[in-house]
Amino acid sequence: MKKQAPIGLFDSGVGGTTIWKEVVALMPNENTLFLADNKNAPYGGKTKDEIIALCERNTECLLNNDVKIIVLACNTGTTNAISYLREKYRHIPFIGIEPAIKPAALGSVTKKIGVLATQGTLTSELFQKNSNSLAQNNGIEFIERVGEGLVKLIESGKINSPEMTILLKKYLYPMVEEGIDYLVLGCTHYPYLLPQIKQLIPENIQVIDSGYAVARQTKNILSQNQLLNDATEKPKHRWLANGNIEILKEFAPDRNDLEISML
């Protein structure tokens with residue numbers, strides 16, 4: 001496998017671009033290929049079998065483009081499909097993303113942590129196992145809310161819409177009333193809502209997501225496998241979409257080394 005091969009990433013839509021930005025910031029020499037499966041977004045309400053099938057299809061697409069590692073930049077995809085993917089595609093490393101409930105549990109004073117995520121993530125076996133363990137061993141109470149409708153609005157370009165504000169108040173206010181001191185964002189789309197979220201909740205509540213940790217783990221695995229790109233050529237970045245390419249362009253940074261196209 002070549003060091004110059006791109007880092008592959010995929011998500012159900014634009015949410016994975018939050019992870020892409022962390023990866024590029026931490027590893028500016030790397031080539032990247034990001035796939036937005038927004039034709040099938042959102043994943044949150046789909047069955048486990050449906051999620052696995054979509055993740056398998058996305059993996060095949062990235063492998064056909066000769067990526068050297070795959071970042072599953074989707075909480076729902078990770079919690080439902082990453083074990084299957086790692087078993088089937090043993091020749092390539094996978095990096096997953098999960099809600100950052102462990103660091104929140106270690107830092108919480110009130111022992112009450114809010115988790116805003118998709119139904120697919122919150123009901124997954126992996127999330128239930130991890131949250132139950134932290135609840136039993138650390139005395140943590142998780143106040144979980146399914147962010148139904150949030151991803152759909154983001155994918156429709158309605159981040160600052162009245163509908164978004166109504167939904168966020170509906171999900172956040174009950175958690176605030178419960179006395180949370182941490183809010184964990186359990187979907188890669190949700191960091192795009194940070195400005196609104198911070199306006200709606202008290203300043204003492206810390207909001208965390210998994211973006212930087214995922215980028216750091218990706219770098220660690222590439223380093224262990226001696227796959228970090230040490231070439232001097234300017235890196236190339238490609239974003240692919242199989243549905244709405246215009247929404248992907250709205251979230252793209254202004255840089256001349258980024259190509260955005262339809263799959």
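**Exercise 1.** Which residues line the second largest cavity?

*Solution.* The model is predicted. Start with the volume: the second largest cavity holds about 40 Å³ of space. Next, list the lining, which consists of T18, I19, N75, I97, L185, C187, T188, P191, D209, S210 and G211. Then sort these residues by class, which gives 5 nonpolar, 5 polar and 1 charged. Because Asp counts as charged, D209 can be picked out of the lining as a charged residue.

**Exercise 2.** State how the chain is divided into domains, and assign the lining of the second largest cavity to them.

*Solution.* The domain assignment gives domain 1 as 7-97 + 211-262 and domain 2 as 101-210. By these bounds, T18, I19, N75, I97 and G211 belong to domain 1. L185, C187, T188, P191, D209 and S210 belong to domain 2. This agrees with the finding that the lining draws at least three residues from each domain.

**Exercise 3.** Describe the largest cavity by volume, lining and domain.

*Solution.* The count of cavities of 30 Å³ or more is 2. The largest of them encloses about 80 Å³. Its lining has 15 residues, and those closest to the cavity centre are S12, C74, T76, T118 and C187. By class, the lining of the largest cavity comprises 5 nonpolar, 9 polar and 1 charged residues. Domain 1 and domain 2 each contribute at least three residues to this lining. C187 is named in the linings of both cavities.

**Exercise 4.** How many residues of each domain are in contact with the other, and what area is buried between the domains?

*Solution.* First take the separation: the centres of domain 1 and domain 2, over C-alpha atoms, are 23 Å apart. Then count contacts, with 29 residues of domain 1 touching 20 residues of domain 2. The area buried between the two domains is about 1700 Å², with 58% of it from carbon and sulfur atoms. On the domain 1 side, N75, T79 and F251 supply 29% of the area buried against domain 2, more than any other three residues. N75 also lines the second largest cavity.

**Exercise 5.** Count the salt bridges and polar contacts between the domains.

*Solution.* Across the interface of domain 1 and domain 2 there are 0 salt bridges. Polar contacts, counted with both residues at pLDDT 80 or more, come to 16 residue pairs between the domains.

Key: Residues numbered from 1 in each chain as written. Predicted model: local features only at pLDDT ≥ 70, side-chain atom pairs only at ≥ 80, totals over all residues. Heavy atoms only, no water. 1 Å grid on protein atoms, 1.4 Å probe; cavity = no way out; pocket = protein on both sides within 12 Å on 5 of 7 lines; lining within 4 Å. Points joined across faces, edges and corners; volume = space filled by probe spheres on them. Domains from an automatic or database assignment. Contact = heavy atoms within 4.5 Å. Buried area = accessible area lost by both parts, 1.4 Å probe. Salt bridge = Lys/Arg side-chain N within 4 Å of Asp/Glu carboxyl O. Polar contact = N/O pair within 3.5 Å; in protein donor to acceptor, adjacent residues only side chain to side chain.
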